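Welcome, and please bring the model up in your viewer. We will go from stop to stop, selecting a few things at a time.

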Amino acid sequence: MVKDLLKRTEDSMKATIEATKKEFNTVRTGRANPALLDRVFVDYYGTPTPVTQVATVTSPEARLIVIQPWVKQTLGDIERAILKSDLGLNPTNDGSVIRISFPPLTEERRKDLVKIVKKIAEDMRIAIRNIRRDANDSLKKMEKEDHVPEDEVKRAMDEVQELTDKYIGIIDELLEEKEKEIMEV
């Protein structure tokens with residue numbers, strides 16, 4: 001029973017790390033990254049559909065994303081969806097593909113982006129701590145209701161703390177990498 005709880009706790013923390021990576025990928029850096037478009041949805045035959053499911057999205061150069069729709073009629077819809085998104089991108093449509101070029105970021109914009117990723121990282125650290133709190137509450141409840149020995153609960157709580165430290169460390173490493181990526185010219 002305690003082992004199941006520890007496994008669920010670690011799985012939840014791993015999911016938080018994956019969510020952190022996804023969130024970081026949506027933050028624009030000076031480099032073109034097709035993952036930026038993961039949250040852009042196109043009205044495809046009446047259904048909101050991710051751009052990546054209606055077109056081929058590539059990054060042939062460091063500062064360029066090319067979107068080639070599988071159905072030419074969706075070109076305008078894709079362009080409108082990108083313009084409506086909160087990414088601040090200006091697509092150019094040449095009738096067969098959409099190109100998005102990324103100008104170099106200003107120093108001020110880089111600092112703003114670093115603040116954004118720090119906020120994301122802090123939110124994810126809080127999520128990890130909440131998972132720890134829930135696990136510890138469950139362990140205390142097990143000790144009272146299921147008569148699990150106190151020393152076993154203490155050991156499990158120590159393991160939960162080790163997991164917490166490990167996954168917060170991973171978030172810190174991801175943050176450091178993302179900051180470097182944003183600040184490099």
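By about how many helical turns are D123 and K119 separated in helix α3? Keep that in mind as you select the two residues in this predicted model. Their side chains meet in a salt bridge, at 2.9 Å from N to O. D123 and K119 are four residues apart in α3, so about one helical turn separates them. Side chains of opposite charge can pair when their charged atoms come close. If you would like to look for others, the structure holds 14 salt bridges.

**Next stop: α1 against α3**

Select residues 2–25, which form helix α1, together with residues 107–145, which form α3. Look along the two axes: they come within 10 Å and cross at roughly 170 degrees. An angle over 145 degrees counts as roughly antiparallel, so α1 is roughly antiparallel to α3.

Now show the side chains where these helices meet. On the α1 side, pick residues including V2, L5, M13, A19 and F24; on the α3 side, their counterparts include V117, I120, M124, I131, L139 and M142. Polar and charged residues take part too, among them T9, S12 and E23 from α1, and R132 and S138 from α3. Colour the whole contact by class and you should find 15 nonpolar, five polar and two charged residues.

**Then add α4**

Keep α3 on screen and add residues 150–183, helix α4. The axes of α3 and α4 are 10 Å apart, with a packing angle of about 170 degrees. That makes this pair roughly antiparallel as well. The contact of α3 with α4 has 18 nonpolar, three polar and twelve charged residues.

Hide α3 for a moment and leave α1 with α4. How do the directions of these two helices compare, parallel or antiparallel? Their axes cross at roughly 10 degrees and come within 11 Å, which makes α1 roughly parallel to α4. Here the residues in contact divide into 13 nonpolar, three polar and seven charged.

**Last stop: the largest pocket**

Bring everything back and select E23, T26, V27, R28, R39, D86, L87, R109, L113, I116 and I120, which line the largest pocket. About 190 Å³ of space lies inside this pocket. α3 gives the most to the lining, with four residues. By class, the lining has five nonpolar, one polar and five charged residues. You have already met two of the residues here: E23 and I120 line the pocket and also belong to the contact of α1 with α3.

Note on methods:
Residues are numbered from 1 along each chain as its sequence is written. This is a predicted model: local features need pLDDT of at least 70, side-chain atom pairs count only at pLDDT 80 or more; totals for chains, interfaces and linings use all residues. Side-chain values use heavy atoms; hydrogens and water are left out. Axes are lines fitted to C-alpha atoms, for helices over the stretch in contact, and angles run from 0 to 180 degrees between N-to-C directions. Angles under 35 degrees count as roughly parallel, over 145 as roughly antiparallel, 65 to 115 as roughly perpendicular and the rest as oblique. Contact means heavy atoms within 4.5 Å. On a 1 Å grid over the protein atoms alone, a cavity is a set of points where a 1.4 Å probe fits but cannot get out, and a pocket is an open set with protein on both sides within 12 Å along at least five of seven lines; lining residues have an atom within 4 Å of a point. Grid points are joined across faces, edges and corners, and a volume is the space filled by probe spheres set on the points. A salt bridge is a side-chain nitrogen of Lys or Arg within 4 Å of a carboxyl oxygen of Asp or Glu.
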